[in-house]
Amino acid sequence: MGAGVVRVTLDGASRWRRRSGEYPTMAEAMAAAEVGDTVTIGPGVYRENVVVDKAVTVRAAEGPGTVRIEPAFGVALTLLATAAVHDLVVECHDGSAPAVLVAGGEPELSDCRITTRSSVGIEVRGDTRPVVRRCSVDNAGGLGVRVAEAAAAHFDECEVLAAGQAGLVVRAGATARFDRCRVHHTSGAALVLTGPGTEVDALDCEFYEVNGNGVQAEDRAVGRLTGCTVHRVSDNGLALDTEAVLELTGCRIHDIPENGADLRGRSVLRLRDSGLRSFARNGLSVWDPQTRVEAVGCEIRDSTGDYPAVWISDGASAQLTGCRVHDVPDALFVLDQGSSAEAVDCSFSQVRNTAVSVSDGATVRLDQVRVQDANTGLWFRDHGSGGLLTGLEVADVATGVIVTKGADPVLRRCVVRGSGEAAVYVSAGGRGSFEECVATHGKGFGFHVIDGCRTVLTRCRAEQNARGGFEFAEPGPVVDGCVSDDAKPAAAPEPVRATTAAAWRDAAPPAPPSVPQARRESLVEAGAPAARPQIAPLPECRPAEESLAELDSLIGLETVKQEVRTLIDLISVGRRRQQAGLKAPSLRRHLVFTGSPGTGKTTVARLYGEILAALGVLQRGHLVEVARLDLVGEHIGATAQRTWEVFQRSLGGVLFIDEAYALAPEDGGRDFGREAIDTLVKLMEDHRDDVVVIVAGYTTEMERFLASNPGVASRFSRTVTFSDYSAAELVEITRRQAAEQEYALSPETVAALLGYFAVLPKGPSFGNGRTARQVFETMVERHAVRLAQLQEVTTEQLQLLLPEDLPTATGATTAAAAARVPT
């Protein structure tokens, strides 16, 4: 058959037609063909708009790739009937039209290649039921495939590559099935389904190298994916919104720079036997009321970012059954009132921060859940946060369960094993009910309740915990039928409120025979502190008298000096009382420094640490100075890690937090500063003998900081106020600086300085000592400018600072006068 010839072969039922004919164009051939005929196209390029409107078979005479349909404009190939089209290459460059349009019948399109720059590569619309097999679409100008309206399309072993927009789009009530299809290198989502009535089934498909979401479902569309893979996209693996529903079975989602799946707007995601890994944000991110995720037998692992693997917020919900979450920063975060999560027979392991965090009034229900190898097992953070936990197993964590700030979970038959610190820690107004729970083989206390929290412990058991089974710093906990290997059960049958750990140690029975005698004796001493970290002392620790002398030499600060001396006296007398066999007074060494900038707070903190080290109260006495930026991370979970690292550097010395009120902004909402405060409170209690924490800032703002967490004020019982320097004290600071730099002040200069500082406004931005240093530096600069004009100068002139070297006083005088004008 010659090139450029179209042959029509009689395959129909008519006896009166000749068997075949040859035509120069596709249009003529199609006009001559009848239902059932075969249209065979010779090799070549056909620059015409081909319309197949009869039930015929169209094929290339010499196989795939030999016939190219390439019109100048418009739709290259239109299918309007139940025809079969094979082996064609379609090229089109009209950006306002699809390259292939299927709009009627039940046609079959197979082994075709569409290479185009059209609005759509293949468009299916209207009442049609096409089957597309082994076709490829390369459309840099627009969408790869679009199925719309009442159409129902089936694509088998097809490929969409290099689409300028989305790869596959199913919308407006259409249905589509994709079997073994591949979509890659697109400039939009790989698969988009949208609109009420829209349904998509995808089997063994692969979506990758996508500049957008992998699968995007919205506006009540429904999708079912089985055995599919989504990877190497630029946005979310799955994105659901506006009541969309996706069901995934045996699917894999990995190498995602955002969320593995992001759900909003009352959408629903159902996962079964699927895996999400290597995601940079959340594995599952679920937002908004009535939005929910249901996962059965799934694995979520290998996070590459600093976000929780599962994030449930704003009233959303999650149900996890038989799932594994591991190698992530945080496993499950549930926050906001109305948000909830249920996990049954799940495991959370190798978690760098917190396995389960519940906050802002959210609730969880955990049944037969295993937590292993985490920093914190579970943390119920604030009022209204809680839930029911049964059969929980927590092992190899720093702290097993933390309950703070009014949270009130119920734990039944739960076990915490091998915690590095407390197995259960309740503070800052937390509550919680623990029924038949076990804390065993921990390095801290089994059950540690402070701040007078009304925690209820019923038939709980503590075994082989290094610091003791039960520790209650203040009255508050309610205890019934609990036992410990360092205490006997309470004698009274009714619930008993234990006031201190000593109430558990009175007349303790012998420990079980399996515990060695030395171990039994150590367990009875429930109040014994845990072993302190081995920190090397500073190379030189000068005597306390030298540090006190330097403190006394500071200008002003008389009240501050008296406060520090009072603390030192309390420590010294406490030592003498201990030597005499008397009980030493309980000291809370953590301090609040309030006052304006530049009043010597950092200097005093440094000297305080040196003095405590010289007295043997601290191991090193070094100063670690930080601010909000050093404690608060940009992502969820990062704050606790940063705070912990800073605290570790401070052990044995003084942690000085400047402008600490920035951790509790007035409009903080979900500000991560709260997490830093909560973490600090816990660490201060766990290491009460190993560190001194000093928080500093403006007086009013520090009052807000102390009220930000019920446990904060109880840790900082002493406030030291640093008053602004007087004008005379500022002059003395300037004079000392001049002497250190081998300058001298004339009597006239001293008088001028006194007048200058007297009228200088002392508002919130006033720098006190820093202002004095800045004034001195300005005087040195003006002195240099003045002497540079002289040919010869004496040594005295090189040293003497004169009144004309002072900064211009006009600004200060004007500001001071303005401050006195009534408003």
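Which residue takes a positive phi just after α8? That would be G652, with a phi of about 90°. Keep in mind as you look around that this is a predicted model.

## Helix α8 and what surrounds it

Let's stay with α8 for a moment. This helix covers residues 638-650, so 13 residues in total, and at 1.5 Å a residue it should span 18 Å. Its end C-alpha atoms sit 19 Å apart, which agrees.

Part of α8 is tucked away: the buried residues are A638, T639, A640, T643, V646, F647 and S650. And what covers them? The cover includes the strands β61 (623-626), β62 (654-657) and β63 (692-697), along with the helices α7 (628-631) and α9 (673-686).

## A lysine in α5

Next, find K561, which belongs to helix α5 (residues 558-579). Is this lysine buried or exposed? Its relative accessibility is 7%, so K561 counts as buried, the cut-off being under 20%.

Leaving aside residues up to four places away in sequence, K561 touches L551, D552, L554 and G556. You can also look across to V604: the two residues are 43 apart in sequence, yet their C-alpha atoms are 8.8 Å apart in space.

## The second largest pocket

Now for some empty space. The second largest pocket has a volume of about 570 Å³. It is lined by 26 residues, and the closest to its centre are G598, G600, T603, Y725 and R773.

Three helices each supply at least two residues of this lining: α6 (601-614), α12 (727-740) and α14 (769-788). The largest share comes from α12, with 4 residues. Sorted by class, the lining of the pocket has 10 polar, 9 nonpolar and 7 charged residues.

## Cysteines without a bond

A disulfide is a covalent bond joining the sulfur atoms of two cysteines. How many disulfides does the structure hold? The count is 0. Take C228, which is in no disulfide: the nearest cysteine sulfur belongs to C205 and is 4.6 Å away. A disulfide needs the two sulfur atoms within 2.5 Å, so the 4.6 Å between C228 and C205 does not qualify. With a relative accessibility of 1%, C228 counts as buried.

C298 is in no disulfide either, and the nearest cysteine sulfur, from C323, lies 4.8 Å away. C298 is buried too, its relative accessible area being 3%.

Notes
Residues are numbered from 1 along each chain as its sequence is written. This is a predicted model: local features need pLDDT of at least 70, side-chain atom pairs count only at pLDDT 80 or more; totals for chains, interfaces and linings use all residues. Side-chain values use heavy atoms; hydrogens and water are left out. Buried means under 20% relative accessible area, exposed over 50%, partly exposed in between (1.4 Å probe, protein chains only). On a 1 Å grid over the protein atoms alone, a cavity is a set of points where a 1.4 Å probe fits but cannot get out, and a pocket is an open set with protein on both sides within 12 Å along at least five of seven lines; lining residues have an atom within 4 Å of a point. Grid points are joined across faces, edges and corners, and a volume is the space filled by probe spheres set on the points. Ala, Val, Leu, Ile, Met, Phe, Trp, Tyr, Cys and Pro count as nonpolar, Asp, Glu, Lys and Arg as charged, and the others, Gly among them, as polar. The expected span of a helix is 1.5 Å times one less than its number of residues. Contact means heavy atoms within 4.5 Å.
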